[in-house]
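Student: Could you take me through one part of this model closely, namely the open sheet and what lies against it?

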Amino acid sequence: MILERKIRIAIVGCGRISKNHFGSIEKLSDEYELVAICDNDQAVLDAHKEQYKVPGYLSMDEMLASENLDLVSLCTPSGIHARQTLKAAKAGVHVITEKPMATKWEDGLAMVKACDEADVRLFVVKQNRRNSTLQLLKRAVTDKRFGKIHMVHMNVFWTRPQEYYDRAAWSGTWDMDGGAFMNQATHYVDLLHWLVGPVEKVHSMLSTHRDIEVEDTGVVNLRWRNGALGSMAVTMCTYPKNYEGSITILGEKGTVRIGGVAVNDIQEWSFSEPRDYDSQIESANYETTSVYGFGHPPYFKNVADVLRGKAEPETDGREGLKSLELLISIYRSARDGKEIGLPLNI
């Protein structure tokens, strides 16, 4: 446990999502001390060194050898999360990794195993769980207000033009990035098990319209172990902008639809029996143009609480594996043209 001092953290990768990590550290300055940054682009590294007034490294190996760190936050391409996690674990450093935790099932398993053996924590960022609308929905599910859940449907209708994929050589590749499900819609895949429970079977079809290796469009049918049936429709080819990120749950005693551009607007909330927190619906809704939500600071607070022995992790490596398992199952189903049963590792 880390007590009576700030948690010494370094950020690895200073790209798009890193600003949410830098911002969370600034908001939680009583908990964290940013002590180093790492990026393989010298110009990007220099700019962030100047902004944050901390040492910068082109090599993660050099940073781990030179700095006394408690925690590293990985904001790098998904395909290298595994090797960087293994390096941090070997150095005895805790790890936060952005989504998805890995692009290969074997890599995800190796990350959990390495951190277990090194006795360090592995945290997988699932910040959308902290969004106010989804917190209310999770509460309703936990309170069993739906009764038996019959059907679940999700839409992720966003846009990522060709320029988005052209920004880096690794973008839109199987090895380093993953496609619409693994990258952009990964938080919605996470909701499938977080809200509804373990998935029993998946059957998917994927297609590609941009000039990339991976899918930018796809549909999935699902069956949960509790008998619920569901589907998920995802595309990054919506014209002309992000249109919808939604979830609909239909149960014997309740119906809920949360829509908006990123599950930020409760559009239907009907249950057979009212509860006092139903009055929070209006205040839970929020306006946003960002698909990231506002959950990074509370996620980082949970990480700090865990490292100080005050809480259990909201999403650790094993919880992260549940999403990765679903993602790999979706890809295997589309590749092989057949239904895939879960779990994978038996």
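Tutor: What follows goes from the strands to the helices across them, and then to a cavity. The model is a predicted one, and its open sheet has eight strands in the order β13-β12-β11-β7-β10-β9-β8-β14, with mixed pairing. At the two edges stand β13, covering residues 265–271, and β14, covering 340–341, each of which pairs on one side only. Within the sheet, β7 (residues 149–157) and β10 (residues 229–235) are paired in the parallel sense, and seven bridges join them; V156 has V234 of β10 as its bridge partner.

Two helices can then be placed on these strands. Helix α9, formed by residues 186–196, lies across β7, β9 (217–224), β10 and β11 (244–251), and runs at about 165° to β7. Helix α12, formed by residues 317–336, lies across β8 (199–207), β9 and the edge strand β14, and runs at about 55° to β8, so that β9 is a strand that both α9 and α12 lie across, given that contact means heavy atoms within 4.5 Å.

Helix α12 also takes part in lining a cavity. The count of cavities of 30 Å³ or more comes to one, and the volume of the largest cavity is about 30 Å³. Its lining consists of P100, M101, V124, K126, T186, G320, S323, L324 and L327, and α12 gives the most to that lining, with four residues. Sorted by class, the lining of this largest cavity has five nonpolar, three polar and one charged residues.

Note on methods: Residues are numbered from 1 along each chain as its sequence is written. This is a predicted model: local features need pLDDT of at least 70, side-chain atom pairs count only at pLDDT 80 or more; totals for chains, interfaces and linings use all residues. Side-chain values use heavy atoms; hydrogens and water are left out. Two strands pair if DSSP finds at least two bridges between them. Axes are lines fitted to C-alpha atoms, for helices over the stretch in contact, and angles run from 0 to 180 degrees between N-to-C directions. On a 1 Å grid over the protein atoms alone, a cavity is a set of points where a 1.4 Å probe fits but cannot get out, and a pocket is an open set with protein on both sides within 12 Å along at least five of seven lines; lining residues have an atom within 4 Å of a point. Grid points are joined across faces, edges and corners, and a volume is the space filled by probe spheres set on the points. Ala, Val, Leu, Ile, Met, Phe, Trp, Tyr, Cys and Pro count as nonpolar, Asp, Glu, Lys and Arg as charged, and the others, Gly among them, as polar.
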